[in-house]
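Biologist: I have a model open beside me and would like to learn how to read it. Could you walk me through it, one feature at a time?

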Amino acid sequence: MVDILHRVGVKDASPAAVYDALTTPEGLAGWWTEDTRGSADVTGGVVEFRFPPIGGFDMEVLEVEPPERVRWRVSDGPDEWIGTTVTWHLRQDGDYTIVLFAHEGWKEPVEFMHHCSTKWASYLLSLKSLVETGEGAPAPGDVQISDWH
């Protein structure tokens, strides 16, 4: 199994502020995709993310540990994503909240994984921007690199 791993620092933000952007539909819609709905703040909740016109993902919330950890399992979406997990670890480091991101459990490093790694990096910068400035770059207004396949 292979994983996508990223790290980003969010300046002048508490872990609680970043946690809120990861666990509320409004927060998620502010940096990942505007078409977000569901319950992201409770274990067992399901969050639906749609990226018109190409599709989306459903995430089951496995863990919420305010304000330090969020973990999802992909329950619906592209075959390569089904069963993978997405984990966010948050910690304060001086003036920054450090976000350690992992999209784990890919069966193999297929080309789609490379695409997703680039997109995750782009969206992590969108998360950083949302928390630091109040303005993210969620889909459909995000940077377009190509279709999924």
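Biologist: Let me start with one residue: in which helix is T118 found?

Modeller: Happy to help, and please keep in mind that this is a predicted model. T118 is found in helix α3.

Biologist: How does T118 count in terms of exposure?

Modeller: Partly exposed is the class between 20% and 50% relative accessible area. T118 has 42% relative accessibility, so T118 counts as partly exposed. There is also a partner from elsewhere in the sequence: I4 and T118 are 114 residues apart along the chain, yet their C-alpha atoms are 9.5 Å apart in space.

Biologist: Stepping back, what secondary structure does the protein chain have, and in what order?

Modeller: Three helices and seven strands. From start to end, the pattern reads β-α-α-β-β-β-β-β-β-α.

Biologist: How does the radius of gyration of the protein chain agree with that of a compact globule?

Modeller: A compact globule of 149 residues would have a radius of gyration near 15 Å, and the protein chain has 14 Å, so the two agree. The C-alpha trace spans about 40 × 30 × 25 Å along its principal axes. Of the 149 residues, 44% count as buried.

Biologist: Which residues of the largest nonpolar core touch the most other members?

Modeller: That core has 38 residues, and those touching the most other members are W31, W32, M59, W72, W81, W88 and W120. Helix α3, residues 111-133, gives the most to this core, with eight residues. Try clicking on W88: leaving out residues up to four places away in sequence, W88 touches a list that includes W31, W72, W120, L124 and L127. E68 and R69 are also among the residues W88 touches.

Biologist: Now the backbone. What should I look for there?

Modeller: Look for exceptions, because most residues other than glycine have a negative phi, and most peptide bonds are trans.

Biologist: Which residue has a positive phi although it is not a glycine?

Modeller: D12, with a phi of about 55 degrees. D12 lies in the loop between β1 (2-11) and α1 (15-23). With 62% relative accessibility, D12 counts as exposed, since the cut-off for exposed is over 50%.

Biologist: And where are cis peptide bonds found?

Modeller: One runs from P66 to P67, with omega near -15 degrees. P67 is found in the loop between β4 (55-65) and β5 (69-76). Another joins A139 and P140, where omega is about 10 degrees. P140 is found in the segment after α3.

Notes. Residues are numbered from 1 along each chain as its sequence is written. This is a predicted model: local features need pLDDT of at least 70, side-chain atom pairs count only at pLDDT 80 or more; totals for chains, interfaces and linings use all residues. Side-chain values use heavy atoms; hydrogens and water are left out. A nonpolar core is a set of buried Ala, Val, Leu, Ile, Met, Phe, Trp, Tyr and Cys residues joined through side-chain atoms within 4.5 Å. Buried means under 20% relative accessible area, exposed over 50%, partly exposed in between (1.4 Å probe, protein chains only). Helices (H or I, at least four residues) and strands (E, at least two) are DSSP runs, numbered from the N terminus. Contact means heavy atoms within 4.5 Å. The radius of gyration is taken over C-alpha atoms; the globule rule is 2.2 Å times the number of residues to the power 0.38.
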